[in-house]
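Please read the following walk-through with the sequence and the model side by side. It goes from the overall fold to the core, then to individual helices and charged pairs.

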Amino acid sequence: MKTKILQFKTFDDITLWNNLKDGDEKSFSMLFEKYYADLVNYGNSLSPFAEKVQDCVQDVFTDIWVYRNGLQNSVIVKAYLLSSVRKRIARLHERDRIFRKTTSTDAIAFLLEFSVENDLIDDDYATKEKVIHLNKLLNDLPARQKEALYLRYHQGLTVEQIAEMLEVNYQSASNLLHRGLLTLRKEWKGSFSLILLLSLTTC
């Protein structure tokens, strides 16, 4: 495990991306190993069918390798992969007629449940009841707001990248984040940083 972490730190995403475009199988494998778990977790937040999600993630990587010569040079690799998985699952939903034959990714419901674990919070800042309350606040948010917060604070995407993934303009993505945070801040009475708690959410 430590060896893999060192490899990921040694080779940045864009270097691995450009190397795989040139046909380097090792760079391709390193990107696969680096992001596979994150992509599957995100895919599971969009579909209840775990095996199909894994197939979608593998298909995304297969397409990247097969069509590597046509890939763009300047991409934010993580955002590109997350977006590709989202679109692939949208097509899966369309094929299975789950969402009334629509290919719009707007039709996908965000299924992931946020969970701020009790042991992540010092007893001086919040009680168990407050943690349970925060989890409820997060999971009661509208699906699009919850997904935007997940992408921003758990996956580290920018507002611009979130807008592209959700197929909305920049202002709409910003509004989703703002409204979600506004609701949480209005109801959250704990003294622990809300932003930090969001970054500590586990899936």
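The paragraphs below take the parts of this model in turn.

The model is predicted. The protein has 10 helices and 0 strands, and from the N terminus on its elements run α-α-α-α-α-α-α-α-α-α. Of the 203 residues in the protein, 41% are buried. About 11400 Å² of the protein is exposed, and carbon and sulfur atoms supply 49% of that area. Contacts across the sequence can also be described: among those between residues at least 6 apart in sequence, 64% join residues at least 24 apart.

Which residues have the most contacts inside the largest nonpolar core? They are Trp 17, Leu 39, Leu 81, Leu 151 and Ile 162, in a core of 46 residues. The elements that contribute two or more residues to this core are helix 2 (13–21), helix 3 (25–44), helix 4 (50–66), helix 5 (77–95), helix 6 (128–139), helix 7 (143–154), helix 8 (159–166) and helix 9 (170–187). Two of the core residues, Trp 17 and Ile 162, are followed in more detail here.

Trp 17 is located in helix 2. Because its relative accessibility is 1%, Trp 17 counts as buried, the cut-off being under 20%. Leaving aside residues up to four places away in sequence, Trp 17 touches Leu 31, Ile 64, Leu 71, Gln 72, Asn 73, Val 75, Val 77 and Tyr 80. One of these partners, Gln 72, lies 55 residues from Trp 17 along the chain, and the C-alpha atoms of the two are separated by 9.5 Å.

Ile 162 belongs to helix 8, where it is buried together with Val 159, Gln 161, Ala 163, Met 165 and Leu 166. Helix 8 is thus mostly covered, with 6 of its 8 residues buried. With residues up to four places away in sequence again left out, Ile 162 touches Ala 148, Leu 151, Arg 152, Leu 157, Ala 173 and Leu 177. Of these, Leu 151 is another of the residues with the most contacts inside the core, while Ala 173 and Leu 177 are among the buried residues of helix 9.

Between helix 8 and helix 9 there is a loop, and Glu 167 is in it. Just after helix 8, this residue takes a positive phi of about 60 degrees, although Glu 167 is not a glycine. Most residues other than glycine have a negative phi. Glu 167 counts as partly exposed because its relative accessible area is 45%, between the limits of 20% and 50%.

Helix 9 comes next. At 1.5 Å a residue, its 18 residues should span 26 Å, and the end C-alpha atoms are 26 Å apart, so the two values agree. The buried residues of helix 9 are Ala 173, Leu 176, Leu 177, Gly 180, Leu 181 and Leu 184. Because these residues cover an arc of only 115 degrees around the axis, they are on the same side of helix 9. On the other side of helix 9, Leu 182, Arg 185 and Lys 186 are exposed.

How many salt bridges does the structure hold? There are 4, three of which are described here. Side chains of opposite charge can pair when their charged atoms come close.

In one salt bridge, Lys 34 pairs with Asp 13, and the closest N and O atoms are 2.7 Å apart. Lys 34 is in helix 3 and Asp 13 in helix 2, 21 residues apart, so that the pair links distant parts of the chain. Lys 34 counts as partly exposed at 26% relative accessibility, whereas Asp 13 is buried, with a relative accessible area of 17%.

Another salt bridge joins the side chains of Asp 63 and Arg 88, at 2.2 Å from N to O. Here the link runs between helix 4, which holds Asp 63, and helix 5, which holds Arg 88; the two are 25 residues apart. Asp 63 is partly exposed at 31% relative accessibility, while Arg 88 is buried, with a relative accessible area of 18%.

Helix 5 also holds Arg 86, and its partner Glu 147 is in helix 7, 61 residues apart. The side chains of Arg 86 and Glu 147 meet in a salt bridge at 2.8 Å, N to O. Are these two residues buried or exposed? Arg 86 and Glu 147 are both buried.

Notes
Residues numbered from 1 in each chain as written. Predicted model: local features only at pLDDT ≥ 70, side-chain atom pairs only at ≥ 80, totals over all residues. Heavy atoms only, no water. Core = buried A, V, L, I, M, F, W, Y, C linked by side-chain atoms within 4.5 Å. Buried < 20%, exposed > 50% of the residue type's maximum accessible area, 1.4 Å probe, protein only. Helix = DSSP H or I, 4+ residues; strand = E, 2+ residues; numbered from the N terminus. Contact = heavy atoms within 4.5 Å. Areas by Shrake-Rupley, 256 points an atom, 1.4 Å probe, with all protein chains shown as cover. Expected span 1.5 Å × (residues − 1). Arc of directions from axis to C-beta.
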